Each structure stands twice: as C-alpha cells, then as structure tokens.
Amino acid sequence: MDLERGGDGGGEGFPSAEKKKDSWRAVVTLAYQSLGVVYGDLSTSPLYVYKNTFAEDIEHSETNEEIYGVLSFVFWTLTLVPLLKYVFIVLRADDNGEGGTFALYSLLCRHARVGFLPNGQLADEELSTYKKTDGGDAAPPSGGAAAASRVKRLLEKHQVLQLLLLILALIGTCMVIGDGVLTPAISVFSAISGLELSMSREQHKYVEVPIACAILVALFALQHYGTHRVAFLFAPIVVTWLVCISAIGVYNIFHWNPHVYQALSPYYMYKFLKKTQRGGWMSLGGILLCITGSEAMYADLGHFSQLSIQIAFTSMIYPSLILAYMGQAAYLSKHHFIESDYRIGFYVSVPEKIRWPVLAIAILAAVVGSQAVITGTFSIVKQCSALSCFPRVKIVHTSSKVHGQIYIPEINWMLMTLCLAVTVGFRDTKRMGNASGLAVITVMLVTTCLMSLVIVLCWHKSIFFAVCFILFFGSIEALYFSASLIKFLEGAWVPIALSFIFMIIMYVWHYGTLKKYEFDIQNKVSIDWLIGLSPNLGIVRVRGIGLIHTELVSGIPAIFSHFVTNLPAFHQVLVFLCIKSVPVPYVRPEERFLVGRIGPKEYRVYRCIARYGYRDVHKDDIEFEKDLVCSIAEFIWSSVSHAGGTQEQPEKDNDRMAVVGAGLGLCEEEVDLDDAAGPSSSREIQSPVARKKKVRFVLPESPHLDSDEREELQELMEAREAGMAFILGHAEVKAKSGSGLIKRFVIDIGYDFLRRNCRGPAYAVSIPHASTLEVGMVYSV
C-alpha cells in the first residue's frame, strides 16, 4: 500500500538527498513520524487476532497447549515475515527510494524488457532515475551476472512469461485495493467490540453495527478535506496505543502468568498442530492477521527512509506487539472459560478500571490505521492509471506541501459502499478476518515471487539465493494462504471476488489502450505530408498555440489529418504534445521535457514529450503551460548553442529531439508590469500581457543568436499571449470485422463501457474545458 507522506516533500515530490542521508536526529524524527503513517494497521492487530484464531476452529481444554501454541505461532510469524523478510531484506529492493508492488515491477521492467508500455524511447533510459543499480553493498558473486543474463533472455524471449509477470503484479495491486475495503471494516468493528463487556448481548447486537457504520461514513466523508490538518496527531495516537498495549501486556504477564515466555519456543507450534490437527491448521488464518499491515513498511519506503522504518519497527512496534500478545496469552492461560461462548477478544484482558479509556484510544488508533490504508489505495490507483492499467479518474491533491496526500472521489465512495456492505453483511470479526487475511497473504506472496526475480536480475545474485528466498518465505506464506483459502465460504470469497472484478477492469483497459495505440502507430501520417501543406492548399495559420494531444512519440497522429481535412486551418505555433508515463517513480524537472522540431524551422511545428513517473504529481494547467512554453524556448536556444543535452535518435533529420529543462534560466515569470528594472547586460524579448502573468525570455549576449532565432522566440511569445487551444481526439474504438467473439466482447462492450464512464483525457490532465476542441474518430482495432 502506498500510504501518505509523513513530511513535506520537495520540488516534484521525490525524496531529497538530505532525507535519505541525514543526521541521526533527522532519522529518529522520521522514525517517529512513520509510526503514525506506516504502522497504524499493524499496531491494531492485537484487537482481533486471538478472537479470530479461537473462533470455533479449536476445541479448548483446561491445559495451556493451545494458547501457548498460538502465541508461539504469533511470535515466530512476526519474527520471520515482518522482521526478517521485510525489515532486513525486502526494504533493500528500492526503486530510487520508492517501494511497493509497482516498484518491484518497474525494477524488473528496466532490467529486462518485459514491460507492456509501447511508447518507450532510448532517451528514457538515460533518465537519472532509470539507472540500474545492484542491491546491497557487496560485489555480485561469481556467476551472478551470467544467471541474470540467462533469466533476462528467458523473460524477453517468451511473451507468455511477460504476461504472467504483468498479471502477477496486477493481482497484488487488486488485493491491495481489496484490503482498502476490508481493513477499515475489521479495524473499526474490532475497536468498538469492547462495548460488549459493558452491555447485554441484546443491546450490543443493535448498537455495534450502527456505531461502526457511523464511524466509517464519517471517515470516508472527511477524505476530501485531506489529512494534513490532523496528520500531526497520527504518531502521538499510535505511540499512545503502543504504550497502552505494552503496559497492559506487562501487567498481565506478571500478574497472571510470568512463565508465559516459555511459549516462545517453536516446540509449542509442533505440539499445537499435533494436538489440534485440522482445526489448528484452519486457525492459522486467524494467526495470519498478526502481520496485516506489514506490507506498508515496504510500500511507504519512499515517504521516509529505510533506516527510519527499521528503527521504528525494531525499537517500538515489534517489542510492543510481542508484549501485547504475551499479555493476552498470560491472561487467557488463567481464564480458560470466561463465558459460555468463550469471548476472548482483546478487551477481556484489559483491567476493568481502564477499559473505557483504552476503548477510546483503540477507536482512534483504528481510524488512523484505516486512514493510512485508504490513502494507500488512492495512491496505488493513481499509479495504475498512470501506467494505463486503470481507467482515468479524477485525482485531487489535498495538500500543496505534503506529497502523496491525494483524494479520488470515485474510488472513495466505492470503497465506502463496499466497506459498509462488508460490515453490515458479516457483522462479526471472524468472517472479516478470513477475508482480510487472504488479501494480506496474497500481496505477500506476490512480493515474494517478484522479489526472487529482483535478487537475480537486479542484484545479480546467483539463482541459488533466489530459490532459497522463495522456498523459505514462500512455504511459510503458502501455509497461511492455504489456511485462508479453505475458508472461502466463510468470508474469504470477498477479496477473491473484488480482485477478480478489478482484475477484469484493469486488464480490459490495458488491452484496449494497447490496441488503440497500435492503431495510431499503423495509421500515423508521415512528416512529408505535413511538409507538403502550404497556403496554396487553403491552409490558414491563426494566432495562438495549438496543442495536439497524442499518445505517439513519433510521426503525425491520424487525428490531426482528420482535423485539417475538415477544418483547413491550424495555429501559428503547433505543438504535438505527448504526456506519457515511464517506469520510474519520478522524473526530475530538468529532465521532464523531450522537445524537437517537426518540418522546416519556418513551419513553427514542434513535438514535446512530457515524461512523468508513476509517483509524480501533474501540475495544474497554468503551471504546465508555462513549463511547456519555456521548454520550447530553451530548445530553440539550445539548438543554437548546441547545449541541448541528451539527443533522441530522429525519425528524420528534421525530427531530432533534445532533453531540456523548463525554466533553466532563459525563461522567467513576472507579475509586475513595470519596466523600471535597471540596465542589464542581457537583451530581453518580452510582450505586454495582463497584470496576472508575464513570461519573458532573457537572452544572453551570444554571437550565435541571429535574427531568425530571435524572430522565432518572439513569435512563440506572441502565440503564448494569444492563448492556447488543446485539440484532443475523441475515439470510438470498435473491433475489426471478423474479430473473434472474445475480442469483440472485450473491445465493443468492456472497453467501450469503461471509456464512456471514466474521466476524459482533458479532465485527467487538467486541461481547461474552455480551451478544448475534441475531434471524433472511429478506431477499428
């Protein structure tokens, strides 16, 4: 889960070097902040683990073998999965400081050509964040590079393996979205379950569900305000909760059973399974819930740092959870038959005098944990949409200072509806736990599989290490997965059903997008056609800048020829704009734009490719327009001074592209219109504009700058003042005649339905509607 950022981000939202390599004081501060963002879900697991584990699956006796066995399983599960796997191994597999399922997949896409994004360019591989680094500090062992080369060739040769890899990443993503439905339900429902000890069964039955639903509705209804106003309370709430459960655990250990530490021996796991057999194996689905939220440590890596997350887990989270579970086991070991229904939830082990304060703290902690999961769901949907794996949605950034705090209205209300349905439909933590456990363990299995490939391809370790990793951790997780899957009819069907629905949506959208792009490639217009256009053919150039939005990175889109055929006129400055995603977490501002010229210089036709990573924040239309115009101005200047930087191989000699940064010193923005500045050694070309905005080009003295370049810059500025028009394609995608039944169903029904009911491209990229012109075309794919 990609959760919200705990501190302010710089620039475009990518981690600053100071954050990763700073003093111990800064690391400890980040560790403290991570408690409220990363560990809210994991820290509330003691509320429901024992209750779900002992719910009907285990026959209870007067001995402590079952209780000690469950505690032993909990201890070793927490030690092996979150501590050993995530803290010491998986956290090292970062993608430029970012973590999560998409980080692993993007790493694999860059080390082997297994990605399905069709518009990749050689220039993308020269991005600073595209660099291929080996994990760890040690040199790769002998044979590691050879093993990586063999695995790389195998993946690149077989498209079926590439498809399986994509599906695996999508399954993990879908389960994360499903967890965004289940975690708020089980966390809030378990937190308020303490009311059952203060009222009769009849009263509790009619009070628990309405209160849980009211809290959930309030939680989702407040999402559009953002969490930056109350985020400073998250860490104190979680710290208070951890101190609370630790103190209660220590009290119960010394007061009820000081010898409960003996249960930490793995021998009790063997005794537990030997005695309980099938019932004990099925109860593993409840034990599994003790590690729910562990994936957040890796997914939220980019918001903090590897060291800070390690410190927070080992110094606070891990010992607090162990003490809490030991305390509950110590209490239960002396209270075998609490009531006829053996209610052994968390609150029964809390001293009666402090139950109400603990209940209040638990509800606050559950809300914090749910908030982090919801925000993480928003983030991963944004990443899927950026990589053409999810229909376009409206993305609202709720904070201008804190990166990662986003709000997606469609997803928010969908999550709320599903969450309420789960709460009202199940009405008990057992079936909610079965559903949540399956979602959690599936994400972990996906991480284990992708991580084994990263060990070989990215770290250049031998295949032996990868096999050991997947066998050791995969066998543990497969055991829990089987215990969760066996409860399919008792709630585990929910994440499977949700994932199946989201999987179909994501794959249909991805497939339709690829087919649409292939149609654009096959029907693009040659540059010679554009060069052949002249005023003699009736083409009129009007004032302003025309932005032709296209997915193509080369050639002229068919939508433009369709437009000119029906309306023989276009703007004095024409820009073919491609906004594309690259498989990196972020792109630096100075590497954002790839700019080139199409046709002769006097045509004033340019191609501009704006590159974004899957975690980048898209600027609003005013800022984007400014950066776009400035990048073209920088390109014009760099073509004179030969300082254009990285060059993309041209489709033709007149289609050469260069990486330029927006506003590298040539372009400035002002608000004041007064020209009372003192004398300057540089010459300026500027034009009068409204008092709100003014963009000017500051041209240094150069013998290379001639009248043609000055005239081109002047014309660009005048066109900017005249205004911009966005020309978008409104595509009707249809399957070709003669296509198979499945393809016709996917394209004509599935993709067409999604396209009609999702946000349009103008809304998704923040294009003002008043400046938009849509051109309709039928795509036969």
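## Paired strands in a predicted model

Two strands are said to pair if DSSP finds at least two bridges between them. With that in mind, strands β3 and β4 of this predicted model pair in the parallel sense, and eight bridges join them. One of the positions that shows this pairing is G546, whose bridge partner in β4 is L574.

Strand β3, which covers residues 540–549, also pairs with strand β12, which covers residues 724–734, again in the parallel sense and over four bridges. Two positions can be followed by eye in the structure: L547 stands opposite F726 in β12, and I548 has I727 as its bridge partner in β12. Strand β12 in turn is joined by nine bridges to strand β13, residues 772–780, and these two strands run parallel. Within that pairing, H730 stands opposite G776 in β13.

## The protein as a whole

The protein has 781 residues, and buried residues make up 57% of them. Its secondary structure comes to 25 helices and 13 strands. The accessible surface is about 31300 Å², and carbon and sulfur atoms account for 61% of that area.

A further figure concerns how parts of the chain meet one another. If one takes the contacts between residues at least 6 apart in sequence, 83% of these contacts join residues that are at least 24 apart.

## Strand β6 and its neighbours

Which strands pair with β6? Strand β4, made of residues 569–581, pairs with β6 in the parallel sense over eight bridges, while β5 and β6 pair in the antiparallel sense over five bridges. For the pairing with β4, an example is K580, whose bridge partner in β6 is R611; for the pairing with β5, an example is G596, whose bridge partner in β6 is R607.

Strand β6 is largely enclosed by the rest of the structure, because eight of its eight residues are buried. Both of its faces are covered, with V605, R607, I609 and R611 buried on one side and Y606, C608, A610 and Y612 buried on the other.

## Two loop residues with positive phi

R604 is found in the loop between β5 (593–597) and β6 (605–612). Its phi angle is near 55 degrees, which is a positive value in a residue other than glycine. The relative accessibility of R604 is 7%, and R604 therefore counts as buried, since the cut-off for that word is under 20% relative accessible area.

Q277 also has a phi near 55 degrees, again a positive value in a residue other than glycine. This residue lies in the loop between α11 (267–276) and α12 (278–287). Is Q277 buried or exposed? Its relative accessible area is 55%, so Q277 is exposed, the cut-off for that word being over 50%.

## Two buried helix residues

I632 lies in helix α22, which covers residues 621–641, and at 2% relative accessibility I632 counts as buried. When residues up to four places away in sequence are not counted, I632 touches V575, V595, Y606 and L716. I632 and V660 are 28 residues apart in sequence, and in space their C-alpha atoms are 8.3 Å apart.

N52 is found in helix α4, residues 49–53, and at 3% relative accessibility N52 counts as buried. If its neighbours within four places in sequence are left aside, N52 is in contact with G286, L289, T429, K430, G433 and N434.

## Helices α6 and α17

Two packed helices are described by the angle between their axes and the distance between the axes. For helix α6, residues 101–111, and helix α17, residues 429–457, the axes come within 10 Å and cross at roughly 30 degrees. The crossing of α6 and α17 is left-handed.

Which residues of α6 and α17 meet? On the side of α6 they are T101, L104, L108 and H111, and on the side of α17 they are V446, T447, L450, M451, L453, V454 and L457. Sorted by class, this contact of α6 with α17 has eight nonpolar residues, three polar residues and no charged residues.

Conventions. Residues numbered from 1 in each chain as written. Predicted model: local features only at pLDDT ≥ 70, side-chain atom pairs only at ≥ 80, totals over all residues. Heavy atoms only, no water. Axes fitted to C-alpha atoms, helices over the stretch in contact; angles between N-to-C directions. Left-handed = near helix turned anticlockwise from the far one by under 90°. Contact = heavy atoms within 4.5 Å. Nonpolar A, V, L, I, M, F, W, Y, C, P; charged D, E, K, R; others polar. Buried < 20%, exposed > 50% of the residue type's maximum accessible area, 1.4 Å probe, protein only. Areas by Shrake-Rupley, 256 points an atom, 1.4 Å probe, with all protein chains shown as cover.
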